[in-house]
Amino acid sequence: MATSTVFFLLLLTPMAAVAAFDVPTLAFSEGFSHLFGNDNLIRSKDDRSVRLSLNRYSGSGFISSELYEHGFFSASIKLPRDYTAGVVVAFYTSNGDIFPNTHDELDLEFLGNVRGKDWRIQTNVYGNGSTARGREERYLVPFDPTEAAHRYSILWTPDYIIFYIDDVPIREVVRSDAMGGDFPSKPMSVYATIWDGSSWATSYGKIKINYKYAPYVSEFSDLILRGCRVDPIQQVDTAERCAEAVEELMSADYALLTPMKRAAMRRFRERYMIYSFCYDHHRYGNFTFPDCDYVSPEHTRFGEWGDNRFPPKEVRRSRRRVRKPSPINVPSSE
């Protein structure tokens with residue numbers, strides 16, 4: 001059994017893993033359309049997967065054919081190999097094309113790195129144009145995401161948001177009155193893109209993309225769109241019309257955080273979160289976010305820039321130190 005698989009089994013429980021989400025997947029043409037990149041987007045012959053590539057001329061991307069008022073959005077993604085500094089692969093929801101000044105957005109962003117260093121994953125939550133109060137978190141990836149595809153998912157309900165890697169929840173954002181418009185509430189489209197993020201993606205922009213390693217290719221499959229589809233113009237009685245779909249959404253297994261799932265989420269965050277907006281005093285000063293738990297033991301691990309004072313070891317570097325890794329070993333969290 002692969003090390004990454006064992007890792008996630010152990011995150012969930014020493015004895016068993018939560019069963020995979022039983023959700024139908026879509027063919028590309030059933031729910032998506034080409035967004036940009038011309039020939040840099042290639043669909044498989046059976047229309048069940050898509051390759052997005054980035055070269056010195058263009059990135060690429062696709063978009064859902066409909067907007068959704070809440071939903072569960074998911075894809076299995078395999079990331080580019082080798083030197084990927086400056087490369088950003090993203091799977092996210094947004095309505096920025098409709099509400100440019102007050103847009104909502106939920107992001108899973110994959111940030112490339114130099115050869116031999118791990119990819120990072122960043123989650124973002126923006127509501128009503130709240131990018132000045134960006135709720136960003138960043139994590140190490142506890143496996144090599146270039147070896148095989150892993151499932152990444154976003155659950156967005158009226159009351160909470162959950163980000164998943166495979167079947168493990170890695171972040172929950174619960175709506176509160178104090179958050180106000182910072183909690184995303186307007187219908188959004190679903191996007192997947194690959195692009196040049198040299199200005200910020202790797203070592204805060206110090207390391208740029210190198211196109212001699214292009215094309216950078218990411219693969220998307222097992223596409224899922226579950227939610228209430230809405231008309232972007234005629235949004236009359238949306239809440240009432242979507243009530244049944246939202247009720248179904250919130251009763252699904254991926255919407256229920258059992259004690260076992262919460263324990264898995266806590267362990268993931270303890271081991272692999274390397275940045276949290278909650279503790280970034282240089283960016284936000286003494287501003288406190290209502291959705292941050294400042295009395296949690298978590299805060300003792302982070303410095304004034306929001307970075308983990310005790311970052312976990314790089315997964316790939318840890319593997320190189322072990323001459324004959326056991327299949328039951330998991331990456332060190334020290």
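**Two antiparallel sheets and their packing in a predicted model**

The accessible surface of the protein comes to about 15,500 Å², and 50% of that area belongs to carbon and sulfur atoms. The model is a predicted one, and in it 53% of the 334 residues of the protein count as buried. Seven helices and 16 strands are assigned. Among the contacts with a separation of 6 or more, 70% are accounted for by residues 24 or more positions apart.

The strands are considered sheet by sheet. Seven of them form an open sheet in the order β2-β3-β14-β5-β10-β11-β12, with antiparallel pairing. The edges are occupied by β2 (41-43) and β12 (168-174), each of which has a single partner strand, so that one side of each is left without a neighbour in the sheet. From one strand to the next, the twist averages 20°. At one edge, β2 pairs with strand β3 (residues 49-54) in the antiparallel sense over three bridges, and within this pair Leu41 stands opposite Leu52 in β3. Helix α4 (residues 243-251) packs on the sheet, where it touches β5 (67-78), β10 (150-156), β11 (160-165) and β14 (216-230), and the direction of α4 makes about 40° with that of β5.

Strand β11 can be followed in more detail. Six of the six residues of β11 are buried, so this strand is largely enclosed by the rest of the structure. In a regular strand the side chains alternate between the two faces of the sheet. In β11, Tyr160, Ile162 and Tyr164 point one way, whereas Ile161, Phe163 and Ile165 point the other way, and all are buried. The pairing of β10 with β11 is antiparallel and extends over five bridges, with Ser153 standing opposite Tyr164 in β11; the two strands are joined by a hairpin through three residues. On its other flank in the strand order, β11 is joined to β12 by six bridges, again with the strands running antiparallel, and Phe163 stands opposite Arg171 in β12. These two strands form a hairpin with two residues between them, and Asp166 in the turn has a positive phi of about 50°.

A further open sheet consists of nine strands in the order β1-β4-β13-β6-β7-β8-β9-β15-β16, and its pairing is antiparallel. Here β1 (32-36) and β16 (305-307) stand at the edges with a single partner strand each, so one side of each is left without a neighbour in the sheet. When direction is ignored, neighbouring strands of this sheet are turned by 20° against each other on average. Strand β9 (residues 135-140) pairs with β15 in the antiparallel sense over three bridges, and Glu137 stands opposite Ser276 in β15.

Helix α5 (residues 259-272) has contacts with strands of both sheets. It lies across β11 and β12, running at about 95° to β12, and also lies across β9 and β15, where α5 runs at about 80° to β9. At 1.5 Å a residue, the 14 residues of α5 should span 20 Å, which agrees with the 20 Å that separates its end C-alpha atoms. The buried residues of α5 are Lys261, Ala263, Ala264, Met265, Phe268, Arg269 and Tyr272.

The nonpolar interior was examined next. The largest nonpolar core has 59 residues, and those with the most contacts inside it are Phe62, Phe91, Phe110 and Phe220. Strand β15 (residues 273-280) gives the most to this core, contributing six residues. A second, separate core of 14 residues includes Leu155, Tyr160, Ala252 and Leu257. When neighbours within four places in sequence are left aside, Phe110 is in contact with Ile77, Leu79, Val87, Val88, Val89, Ala90, Phe91, Trp119, Arg120, Ile121 and Tyr152.

A buried position is also found in a loop. Ser198 lies in the loop between β13 (189-196) and β14, and because its relative accessibility is 11%, Ser198 counts as buried. Not counting residues up to four places away in sequence, Ser198 touches Gly86, Gly205, Ile207, Lys208 and Ile209. The C-alpha atoms of Ser198 and Leu111 are separated by 10.0 Å, although the two residues are 87 residues apart along the chain.

Methods:
Residues are numbered from 1 along each chain as its sequence is written. Side-chain values use heavy atoms; hydrogens and water are left out. A nonpolar core is a set of buried Ala, Val, Leu, Ile, Met, Phe, Trp, Tyr and Cys residues joined through side-chain atoms within 4.5 Å. Buried means under 20% relative accessible area, exposed over 50%, partly exposed in between (1.4 Å probe, protein chains only). Helices (H or I, at least four residues) and strands (E, at least two) are DSSP runs, numbered from the N terminus. Contact means heavy atoms within 4.5 Å. Two strands pair if DSSP finds at least two bridges between them. Axes are lines fitted to C-alpha atoms, for helices over the stretch in contact, and angles run from 0 to 180 degrees between N-to-C directions. The expected span of a helix is 1.5 Å times one less than its number of residues. Accessible areas come from the Shrake-Rupley method with a 1.4 Å probe; for residues, only the protein chains shown count as cover.
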